Structures are given as C-alpha cells and as structure tokens.
Amino acid sequence: MDGKVKEQKRHQQKHSGPKAERKKLKKQEGSTEEDGRKRNPKAFSVQSAVRMAKTFHRSQDIKTKKHHIPHVDRTPLEPPPIVIVVVGPPKVGKSTLIRCLIKNFTRQKLGDICGPVTIVSGKKRRLTFMECNNDINTMIDLAKVADLVLMLIDASFGFEMETFEFLNICQVHGFPRIMGVLTHLDSFKNNKTLRKTKKNLKHRFWTEVYQGAKLFYLSGMVYGEYQIQEVKNLGRFISVMKFRPLVWQTSHPYVLVDRMEDLTDPERVRTDPKCDRTVSLYGYLRGTHLKNKGQVHIPGVGDFQVADVNFLPDPCALPEAQKKRALNEKERLLYAPMAGVGGVVYDKDAVYIDLPASHVNQQQEVRPTTELVQSLIDTHATLDAKMAASKVSLFSGSATLDSTDVGEHKEGPREECVWDPNTQRKRRKVVFTEKEEEDVSGSSDDDEDGDVDSEDGDQEEQEEDEDEDNLSTFLKDKVEGGKKRGEESAEVPAFADSEDDLEMSEEESEEEGENVREESGDDDDGEEEEDDKEESEDESMEEDDAAGATMKKQTASESEEEEEEQGKYCFYSILRFSCCSRHSALEFILLFPSTGGLRWKEGLQQKASEAFLRQQKAAPNLRKLVYGSVVEADDSDDEEQELGGLFRVSRPQNSKKSQANGVDSSRFDPDASHNWDLEEMLNSIRDCFVTGKWEEDQDAATLLKEDEELYGDFEDLETGKVHKGQTGEQDQAEVRLIYVEYLVKVDDDEVQKKKRLEKKQRLKERFNAEYDDEDATYFDDLKEEMQKQAELNRAEFADVDDETRVQYEGFRPGMYVRLEISSLPCEFVTNFDPHYPIILGGLGASEGNVGYLQMRLKKHRWYHRILKTRDPLILSLGWRRFQTIPLYHIEDHNGRHRLLKYTPQHMHCGASIWGPVTPQGTGFLAVQSVAGTKANFRIAATGVILDLDKSVTIVKKLKLIGYPYKIFKNTSFIKGMFNTVLEVAKFEGASVRTVSGVRGQIKKALSTPPGAYRATFEDRLLMSDVVFLRSWYPVSVPQLYNPVTSLLLPAGQKDSWAGMRTLGQLKHDLGIRNKPNTDSLYKPVVRAPRHFNRLHIPKELQKALPFKSKPKQQQPKGKTPRDLQRPSVIREPHEKKVAALLLALSTVHNHKRKKAHTAQHAKHKEFLQQKEKLEEAKLKRQKEARKKLYRIQGQVDQKKSRSSLKGAPQDD
C-alpha cells in the first residue's frame, strides 16, 4: 500500500430529489422578483417617506444595539478548549446530558463523569465539559472559569433556588454565555399544560438572563439517553457559539486542572504521612501568559509559589488544517484522565498508557501495539524472573547456559524498584551505568557494523535454541531488505513510526536518533534515548510483517505523518523478548521524553543532508557496475569471520581497511556532523573565499603588485602621455574606495526602493480611504485598529520556537502545561476528589499581599436578613474565597464616613475589610455560610472594590454626658463629663447642648473637681438640665483573613466547611441567654409635679396694661363659718305625703300642658300647609289673568298698527 494513493470520492451534485428541487425553486424565485421589479417599478417604489424613515431608524437602532466596545483579539492560533459548565439542582440530568454530548461529538460512551472531560468537537474547536455539584463552593469556582453555562431546569418542578444563586454568582464574576436546557418534559401528559409551562419558564429565564436567551427543550429519554436529534442540535449551537472576552479571565492566567500527580518521595511519606507534598498539576493554560516561578491561588486550598512550569505535547490536539467537512474517526479525541480516559499520556519524566485505546475498530486486525500492551497487562511474572528461568545456547549443539553462568562483557541498564504511592505498586526505574553513558556520548557513524552485531548478540541471548540460525539469517535479510527499500523510496518523513523506520537505512536511523538527542531539552535523558534508538532498529526488523496491516487507511497515515513532522508526539519503540518457557511475550515500552514541540524550521540542514543522501543512494552504484563482484567478496569475507552463525571476530585493522575501501568515491556523502560554530571548521574553509588569506603566489593583491612592478611606467605612443605606475598602498586604497562606493550605491538603491514602496503604500491607503470607505464609521475604524493590533501581536513571535518564546513572553494560553507546586498540605492529596474542580488562578504583582479594602456593598434583595457590622462574612473576591469581618458605613453630606450597625434595606453602603489586594472594579459576592444547603436564598450581598488603602476613616458617634453644679446667669460649671484636665483641654472650644436645646461652648478646665469645666450657654441653665457633647470616635477594621479550605476536607464533607461563627450563633450553640442592659430596658417614667412661682408684674407695667390684661386684685372666697351655715330640714311623715302629692299633681299638670302644646303645634302646622296651598292657587289665578290681559292688549296694539299703515298717503 506504500505506492498506492487512495483517491478521495468526489462530491456528486444532486439533480433530483427534494434538495435539488429547493435549489431550482430558489433560483426561479430570485429571477421572478427581478422581472417584477422591472415590469412594475411603481409597486416596489417608496410609498411613504415617513414609514421608510421609521423603518430605517429602527434597523439602525437594532444594528447599533448589537455593537460592543471592540477589544484587541488576544486569542492564540490554537486556543484552549472552551470550558462548558453544566449546572443544575440534583437529579436534573447533568451527567446524562454530558454523556450524550460526548457521544454526539466523539461516538464514545463515558461512564462516570469525574473532573474535566476534553473533546475535539471540530476542526478548530475543542470543548471541556465540567459538571457542577450542588455545592456553593463549586458553583462559585466554576462561574469564574466558565465560557459557557448549560443551565438545566426541571420543567416538571420549575425553577429551583440553585439556578438563581448561580445566575447571581455569574453576574458578579463576569457574565459568561448562558443557555437554558429544560428536562423532564415527558412528565407532561397534556400538550396545553406543556406549552403554557414552556412559555412561563422561557419568559422568567429571559428576565434573569436577557431577552431572547436560548432555551433548549429535551422532550424525553430513549433507553436512558436524550433523543439524538435534540442533542445534535444542542451540539451544533455549542460548536458555532461566539464568546465575549471577560475582564477578569483575560487579565489573569488560570488552569483548570485535569490531572494530578504526587511527586513526593515515597520514603518521606512512609516515615511522615503528614508531611507537605510536592504535586504536579496538569491542564490547559487559559487567560493570559503565565510566567515561571509566579504565585498562584488554588481556591479551597490557598496561595502557593510555583516551583516549575513546563509545556507538554497537547494530549487532545486539534486536527491538521486540511479541507474536509468532518473529522475522521481518529481525530475524534476524548481526554479525561480523572475519568480514566486518555490513551497514552506523555509527561516530563514518565509515560502513562491507558487501555483500551480511544478508538479500536472491531473489524480491523488487532494492531501490534495494542496486542503488545495487552500482553504486558496479562503477564503474571516479572521480567527478571523469566530471565532467570530462561536458558540460552551460544552455538548449535552446545550446552545451555543460565543467567548465572554468563559473565556479561558489557553491562546493560540496571533496574531499581521504586514504590509509587499513587498507583500503589512497585515501578521499575531504569538506571544506566557510567560506562554506557560514555559509549552513548562517543557513538558515531563509523561504529554502525559493530552496533548492529552487538544488538544482534544481545537479542539472540534471549532467544530459544532452535531459533538461533533462523534468527541470524532473518536479521541479515531484514537489514538488506531495509537498505533496498531505503534506496527505492524517494522521500521518507523526518521522524517516522516503527513501520516507516523499515524504509530507512541503518545510517539514517542512527542520524535520526542523534537528531532527537540533540533537540531534546534534558541532558540527563541522552543515554536513555541512545538505547531507545538502538532498540528501535531491532523492533523495526521484527515488525516488518505487521507493517502492511497497520496502514489500512490512507487518511490516517497522512495525519500520522503530519503529527510526526510537527513533532507533537515523540515516537516510541517496542522491544519484544521470547523466552524458553514459551510464556506470552514481554514488552518494554521505552518512550522518548520531549521537552518541547518540534518546529518545521528546526534542523533544516539535517533534513537537507538526509534528503541529498537518499538521492545519492538512489543513484546507480558506479563501483558495482565497473568492478562487478567486489562487494560480494567483501560480504563473503565477513561471513567467513562469523562463529556459529551468531558472533563475529572483531579485528580493528580489517575494519579500518574495509572502511577505507568501502567508500564509494562516485557518491558525494555529505557529513551532517560538521559543527560550523567551531573555530577549526571555520579555519579549514576560510581560504576558499576571496576574503581569505591566500598563499603569496595565489593572492590577488600580490599578483597585482607583481604586474605593476613588471610593467611599471609606460608612455602612450599615440598621445604621448606618460602613465606612472602606482604603489601597492595607493592600489589598495583605490580598491577600498571602489568597494565602499559600491556598498554606498547598493545601500542607496535599497533606500530608494524602500521609499518608493512606502510612497506607493501611502497612495494606496489614501485612495482606499477616499473611495472604498465612504460608509465607514468610527466603530469600523476602531475595529480595524484593534485588528491591526491583534495581527501585530501575533506576528511578533510567529517565527520563534516555543522554547525561546516561553522565555520572553511566558507560557501562552492554549498550551498544555505542567505546574509543579511544593509545600502543599497532605490533605490535598489524601482527600482528593475528582468531582470537585481544582483551579490554579495566577496572581498579579501585588495580588499576593493582604491589606485594607474599601468596597461598595448592597444587601441582596432576596436575602431574608439584614447584615450586622462585625459579623463574619464569607466573600468570593477574585480567585479567592475567604472569611473576614466587615465594617459597614455610609458617607454623610460633609464627607464623614459614619459607622452603621446594620446594612440599609434598599440602598448601597460602604464596607471596609482586611483582605487580599484585588484590582479596583472587581466584583464580589458574600455569603454567611457555605456549609450544606439552606432553605432560603444563600447569597447575602454583592458589591465592587472601590479603593485599596486605609484612606477612609470610619467614625462612630459618642455622646458624653455632664451635669451643672454651679450656675451664674449664662455661665455654668459642668462636672461628670471628663475625668482629667488633659481631656478637657483637648475639647476646648467644642460645642455642647442641653436636652432642652440650649446651645453652649466649652471654655476652660477647672482645677477642682478633676474633669470639671466652665461653659457658656445661650440662656441660663437649670440644675435639672443635662448637658451632652456629641463626638466622633474612629473605629479600627478587624484584621481577619481566613481562606476557605474546603478542598482539604475529607471526601463527602467538602461542603461542610465552617469558619468563625457570629455572636448570635455562638450564644445559640452554647445556650447563653442575652442579659440586657438595664439602662436600655423600657420602664415607667415617674415625673414629680413641678411648682412654678407666681407671675410678678411691676406696678408701672400694670398701669400701662388695658383693664382686660390687668391682674385683678380680688381675694378668693374663704370657707363659710359653721355658725353661718343653714341647718338641714328633716320632714314629718305627713309633710312627706303632702310633698309627694304636690309632686304628682305638678307632674300631671306638666304632662297635660306638654300634650296640649304638641297638639297645638300639629294643628298650626296643618294650617300653614293649607294656607300655602291657597296661596299657590291665588298666584296661579293672578298669572292667568295677567296672561289674558297681555293677550288682549297685544291684539289692540296690532289693530292700531294695521290702521296706521292703511291710512298712510299714496303720494309719499
């Protein structure tokens, strides 16, 4: 299949069917509309100018509303995967949705969703899915790193409080894109109810997010999964969604960790299990550039210094840029190490292999690599045990030898058992000897034959007796076959897999190994790579037969070659040993660690020399054509020197001679090992150039001088002019002058050329500005400026390799990085739970410090309690979650910041805290507790950072009370307010007041009693007055910064972190009853009645007063003396009867009189009514008589007027 190129199937246009019909109809509609416009232009003309103006204004308004302030596009060429956070209450279908989306994109099923799951969703987009637990800490952390939020809502239940809490968290920390997903719609049996519920939920969702926010409906489940078409539609929306850069994310580097390894020494952990750990964390870098040795914050753990940062090959790389509509099966990558998915993972110092592989086609043959590693997993005995049991026979018919009988001539790599606490198993580390290091460093092309022989010998020591002869002939055939194939192949990739290594000769493979060793960043790994290079040749010989089976698909092989050329993955070699016991084959997988991705520009000289060498080897061998069987004779000599078909006799003299005779002079073999930086190499070719130092008989200047001496002066016979010969110094000066003039001329030409190009460019820009950009607006100009800046940023380091680039600008976003952090608490490793996200948030230059922060805060309108000053509060600010004690205050009209005991109900107030320094304008939110779930809304307050210093002085009102003890008109002596003369001196000139409202001022301190002072008032005080002084006392902000360390808690208790409790909680938990202050209790006020003196009016004033206002000099009547008082009369019984009879008679008389009066009143009323009726009748008659009289009078007047008209003379 090497020579055959499989043709791609061409796209066939549809000529029939619904799609073709729609296209035809579309074409016809366009033409008919144009015909109608030509036929009847009036119908398409403007009917109403006002309506058209309104339409135009509306369209412009809609267009302008979509505009955002353009930002410089700082996204790298290979952006990091988009973080998609799936949020919702428990049992709403989060894990199921993630599984369905992963299956939609990668055609794979994933069991437990642990940690971030990264997939390749398209040619230019990768997605990282993260499930959000029902934990306020997880919700806060993931809201800070999310690019897209899938908010799941149980339609059968409605909105739950977690949904609104997460929306409020997102609003504070920069609003990412949010898409709602309605689940459990299959629980509705009535379509009308379903439609109504959908509408209500949609409009409520729009209220919280924005009008027109996308809401998806997952109608039901089929076999435990959502319907394929609905998931596909959701995936399409995710794939094409555009994202707005968020301020906090674009100004800080951060890593969402998808893998964690403990690097602590196992012995140290064994002796001290509670020791601090050294941990390496892996993930895609996002945000902005990350500098090495910087400071990071891990939410839920704390602040740490980064010990080391490296970038690794991308484990979930984007497919190569080629024109195709969809990804092939191999490019649908899935990477989720915490969920146990990811295939082969390359680390700086180790390689992790996960089986089964991400894509294993059941129909295809089992690839050698899969079979190999599977057998490695299935084996039950270690390699050293099998080697000890194996026996080898050096020559046919000789006795077998144990491993104890063989004295090794050359020591191989030793094995050291190391206990790995992560995997809980012994790991076998390869340790190389010093001798082998020397051999590796001193290897060259001249030792190829010896190397191949030694490799053959090492390999055959581990083979069975009956396979010895077959193996030697097999190896020779393979080597020769590899050389022939290397001559036949026109072009081979620079770095190839084991199949492609078969096409390369021994020299090329060795050069390739050296190239890998030179480009590797770690000097310590050079010896391992040399051994890998030697073993890869054996492997390529053994796997020749399997090469055809592995290259099934042409597209897959092309993508592999492209990956190899770009150096994203290092190739690995597999060495197979067969033992006497006929157990399953054991395999070593030795991998080349690579510190950085290789670029196509690296090693151009090496690649060119290899290409030329292949071309030379493809040319016909002139020596063989001329001398016939010289090579065969040499080969036969070599065969004669073999012993037992296995070993060769080593004769250095013969090898040197054969090497000298073996050089084919007809071929030019470029030596790729020349180092042109060495001074000896430069000196060896220095005389090959004009500027070099030549010998005297070859030097141009010397020859010119000799010519001058030879010919000397001469006379022109025609003109008679004598030409003098010039000296050597003059000649050199002239040559120098000519050379300088030439250089100046060349420079002038370059300058003129540049000027012409700049002038053309300016003219072109002016032309474009005048003609092309007539409709350009300020917004378009701003966008263009940002675009130019983005292009400039990209072009700055475009041609620089990653290693150099990282030193200048740091690790750029999109790289897969490994961060090593030391001194992490041991609980972080022992209590690690992959369901909780680990975020490494980079801190700015001053963000690691702690200081005073001034904030603007508002209690959330849904929180059921007001907040009290000095009650501990948990804030989410920047990357951090911490507990602190805030002081609430409000600014008065005079600029004073007055302390508040409680937050205002519906307005903002100021707050001062002691916490981490965070840039101004950063939003924050506050919760009172993160432990468990509460019945009510949990977000207590939101706000923003205003200032980063202690410029605001918070003051508290303090009333000092005193009492007068001496009063002299308007001056009084006050005591009880102060204790010393010094305190009084500090408050001299302060204003005081009495409770009754009389204002005064402190004048001077008195000697006795201590603390007393003299004060003057507007009016004379009374002894009963109370004097008070209103002062302002500065309050200090409590210095409490307590980070929330929720990730250090044991698994299952990470949502139960409890910090400092409030005073009310402490009293409630300890059962303490609050003893009230007796002065604060309400008690009945008992006031003694006051007696005022009589009003004294002077006599002069009494004279001037009117009589009404004059005081009356009347004496009050005294008591009547007893002798003047009349005695009471006591009646006799007869008198009593007479008095009772008189009383009864008077009562009857009064009743009769009253009755007669009532009857008289009624009679009079009736009389009045009759009189009124008679009066009305009389008026009516009079009215009728008047009418009759007026009528007769009118008739008489008419007759008179008629007669006067008849009697008028005719002449007139």
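Let me start with the pairing of strand E9, residues 254-256, which in this predicted model joins E11 in the antiparallel sense over two bridges. If you look for the contact at residue level, tyrosine 254 has arginine 286 of E11 as its bridge partner.

Staying with E11, there is also strand E10, residues 259-262, and here the pairing with E11 is again antiparallel, this time over four bridges. Within that stretch, glutamate 261 stands opposite serine 280 in E11. A further partner comes from much later in the numbering, since strand E25, residues 816-824, runs antiparallel to E11 and is joined to it by seven bridges. One residue pair to find on the screen is tyrosine 282 with its bridge partner in E25, arginine 818.

Now, how is strand E11 itself placed with respect to the rest of the structure? The strand covers residues 277-286, and because 10 of its 10 residues are buried, it is largely enclosed by the rest of the structure. The cut-off behind that statement is a relative accessible area under 20%.

Let me turn to another sheet. Seven strands form an open sheet with mixed pairing, and their order is E6-E5-E4-E1-E3-E2-E14. At its edges are strand E6, residues 215-217, and strand E14, residues 334-335, each of which pairs on one side only. Inside that order, strand E4, residues 148-154, and strand E5, residues 177-183, pair in the parallel sense, with seven bridges between them. As an example at residue level, aspartate 154 stands opposite threonine 183 in E5.

As a general reminder, the strands of a sheet pair through backbone hydrogen bonds, and they do so either parallel or antiparallel.

Finally, the charged surface. A positive surface patch is made up of Lys14, Lys19, Arg22, Lys23 and Lys27. Of these residues, lysine 14 lies in the segment before helix H1, which spans 18-39, and lysine 14 counts as exposed because its relative accessibility is 58%, where the cut-off for exposed is over 50%.

There is a negative surface patch as well, formed by Asp747, Asp748, Asp749 and Glu750. Is glutamate 750 in that patch buried, exposed or partly exposed? With a relative accessible area of 46%, glutamate 750 is partly exposed, and its place is in helix H26, residues 728-772.

To come back to where I began, the strand I would ask you to keep in view is E11, which pairs in the antiparallel sense with E9, with E10 and with E25.

How values were computed. Residues are numbered from 1 along each chain as its sequence is written. This is a predicted model: local features need pLDDT of at least 70, side-chain atom pairs count only at pLDDT 80 or more; totals for chains, interfaces and linings use all residues. Side-chain values use heavy atoms; hydrogens and water are left out. Buried means under 20% relative accessible area, exposed over 50%, partly exposed in between (1.4 Å probe, protein chains only). Two strands pair if DSSP finds at least two bridges between them. Patches are made of residues with over 30% relative accessible area and no salt bridge: like charges are joined within 9 Å, nonpolar side chains (Val, Leu, Ile, Met, Phe, Trp, Tyr) within 5 Å. Accessible areas come from the Shrake-Rupley method with a 1.4 Å probe; for residues, only the protein chains shown count as cover. A salt bridge is a side-chain nitrogen of Lys or Arg within 4 Å of a carboxyl oxygen of Asp or Glu. Lys and Arg count as positive and Asp and Glu as negative; His and the chain ends are not counted. The place of a charge is taken as NZ of Lys, CZ of Arg, CG of Asp or CD of Glu.
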